[in-house]
Amino acid sequence: MSKKYNFYAGPAILPQTVMQKAKDELLNFNGIGLSVMEISHRSKDFDAVITGAENKIRKMIGVPDDYSILFLQGGASLQFGMIPMNILNGGKADYVNTGAWAKKAIKEAKLYGSVNIAGTSEDKNFNYIPKNLDLSSDAKYVHITSNETIGGIQWNTLPDTGDIPLISDMSSDIFSKKIDVAKHAIIYAGAQKNIGPSGVTLVIMRNDLIEEGTKDITTMLQYRTHKDKDSMYNTPPTFGIYIINLVMDWLEAKGGISAMESENNKKAELLYKTIDENEMYSGTANIEDRSKMNVTFRLKTEELEAKFIKEATNAGFIGLKGHRSVGGCRASIYNAMPYDSVKALVGFMNKFK
Ligand SMILES: *Cc1c(COP(=O)(O)O)cnc(C)c1O
C-alpha cells in the first residue's frame with residue numbers, strides 16, 4: 001500500500017508508534033492472553049491503564065489537585081448540554097461565538113439559562129477571534145472554543161474573566177501547546193482529534209463546580225457521579241482510554257508539551273508560509289488568529305479547489321476538503337502529524353501550482 005498522508009479533521013491521525021503497539025498487543029495485553037478490549041474494567045490490568053492515563057495527563061499539563069479528570073462518553077457535544085445543565089441552572093452565562101462549534105454550545109446553554117454573547121466574529125464569517133469582550137459581571141461562567149476546527153481560528157491569549165469561571169472546549173487543540181489549567185474552571189475535549197479514538201471525552205473540572213452541580217438530573221449526567229466513582233460508575237470506553245494512555249507515553253517520549261508546541265509551531269509556519277507566498281492559495285483566517293491545528297485556505301475557484309483535492313488524494317494526501325458547511329480546503333495538522341508530512345504536502349502544493 002502506498003504511503004497516505006492523513007489530514008482529516010477528526011477522527012484524525014494517531015501516532016504510528018501508538019498504532020503499532022496497540023496492534024502488537026491487541027490479542028495479548030500485558031501477557032495475560034486476552035485483549036484489553038475483552039477484560040473487565042474492574043480488573044487490575046485495566047485499573048493500571050485508567051490510573052496511568054489520568055496520572056500522565058495530570059503531570060503532562062500540570063492539573064492542580066483540586067481538579068478532577070474524567071473520562072466520559074457522548075463526545076464534546078454532550079458537554080455542550082451537560083455543562084449548563086449542571087452549573088447554569090437558570091442563571092446567566094457569557095459565550096463567545098467564534099463559529100460552528102461555539103454556536104452548538106450556545107444552542108444547548110439557552111435551554112438551561114440566559115446566554116449573553118460576549119463577542120462574535122459572525123460579521124466576517126468567523127475568520128477572527130473577537131477581542132474586547134462584553135463580559136457580564138453576574139455571569140456564572142464564560143465559555144470559549146479554544147480552537148474552531150472548521151473555521152481554522154484559535155485563541156492565542158485567554159480572556160481575563162477575573163473570578164468568573166472560564167470554560168474551554170479544547171477538542172481540537174488540547175495538548176498541542178502549554179495550557180494554564182488553573183486559569184480554567186473546566187476544560188473538555190472529544191478525544192478524536194489530538195489524544196485518541198472517538199468515543200471518549202476528557203473533562204478536567206474544578207471540584208467545587210462538580211460539588212455545586214444540579215442534583216435533580218439523571219445520574220449519568222451529573223459530574224459528581226463520575227468523580228465519585230473515578231469514571232467507573234458505568235463501563236467506561238476502555239479501549240479509547242487505553243489508546244489515550246499510549247498517546248500520553250508517546251507525548252512524554254517526544255519531550256512533553258513544550259517540545260510538541262515547538263514542533264506544531266514549525267509545521268504551521270511552513271504551511272502558512274507556503275500559502276502566503278504562493279498566489280495560487282489564500283488563507284481564510286485573520287493572520288493573528290490562525291489555527292496551528294486546522295489550516296484553512298482557498299484556491300481561486302471552486303473548480304480549482306475540486307481539482308486540487310482530487311489530485312492531492314491521488315497523490316496520497318487525504319482529508320484536505322474543507323468542512324461541508326464552509327467549503328474550501330483544510331489541512332488538519334494535529335500533534336501526531338509529522339513535520340515531514342507537512343513538508344510533503346507543501347511539495348505537492350508547489351507542484352500543483
Ligand atoms: C469535533 C469537535 C466537537 C464535537 O465533538 P464530538 O466528540 O463529535 O461531539 C466539539 N468542539 C470542537 C471544537 C470540535 O472540534
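The following conversation looks at the ligand site, the largest pocket and two backbone features of this predicted model.

User: What makes the approach of Lys193 to the ligand a polar contact?

Analyst: A polar contact is a pair of N or O atoms within 3.5 Å. A polar side-chain atom of Lys193 lies 2.7 Å from an oxygen atom of the ligand, so this pair falls within the cut-off and counts as a polar contact. The protein, for its part, covers 87% of the 390 Å² of accessible area that the ligand has on its own.

User: How do you know that Gln192 and Ala76 make polar contacts with the ligand as well, and which part of each residue takes part?

Analyst: For Gln192, an N or O atom in the side chain is 2.9 Å from an oxygen atom of the ligand, whereas for Ala76 a backbone N or O atom lies 3.1 Å from an oxygen atom of the ligand. Both distances are within 3.5 Å, and therefore both pairs are polar contacts.

User: What makes up the shell around the ligand?

Analyst: There are 13 residues around the ligand, and Ser77, Thr149, Asp169, Gln192 and Lys193 come nearest. By class, the shell divides into three nonpolar, eight polar and two charged residues. Helix α3, which spans residues 75–87, gives the most to this shell, with four residues.

User: Why is the largest pocket said to lie between domain 1 and domain 2?

Analyst: Domain 1 (17–253) and domain 2 (256–352) both give residues to the lining of the largest pocket, and so the pocket lies between them.

User: Which residues and elements line the largest pocket, and what is its volume?

Analyst: The volume of the largest pocket is about 500 Å³. Its lining has 26 residues, of which Ile13, Leu14, Pro15, Gln16 and Met19 lie nearest the centre. At least two lining residues come from each of β1 (5–6), α1 (16–24) and α7 (238–253), and α1 gives the most, with five residues. Sorted by class, the lining has 15 nonpolar, six polar and five charged residues.

User: What is the omega of the peptide bond from Gly10 to Pro11, and where is Pro11 placed?

Analyst: The omega of this bond is near -10°, and the peptide bond is cis. Pro11 has its place in the loop between β1 and α1.

User: What is the phi of Phe126, and where is this residue found?

Analyst: Phe126 has a positive phi of about 60°, although Phe126 is not a glycine. The residue is found in the loop between β4 (114–120) and β5 (142–145).

Technical notes. Residues numbered from 1 in each chain as written. Predicted model: local features only at pLDDT ≥ 70, side-chain atom pairs only at ≥ 80, totals over all residues. Heavy atoms only, no water. Near = heavy atom within 4 Å. Polar contact = N/O pair within 3.5 Å; in protein donor to acceptor, adjacent residues only side chain to side chain. Areas by Shrake-Rupley, 256 points an atom, 1.4 Å probe, with all protein chains shown as cover. Nonpolar A, V, L, I, M, F, W, Y, C, P; charged D, E, K, R; others polar. 1 Å grid on protein atoms, 1.4 Å probe; cavity = no way out; pocket = protein on both sides within 12 Å on 5 of 7 lines; lining within 4 Å. Points joined across faces, edges and corners; volume = space filled by probe spheres on them. Domains from an automatic or database assignment.
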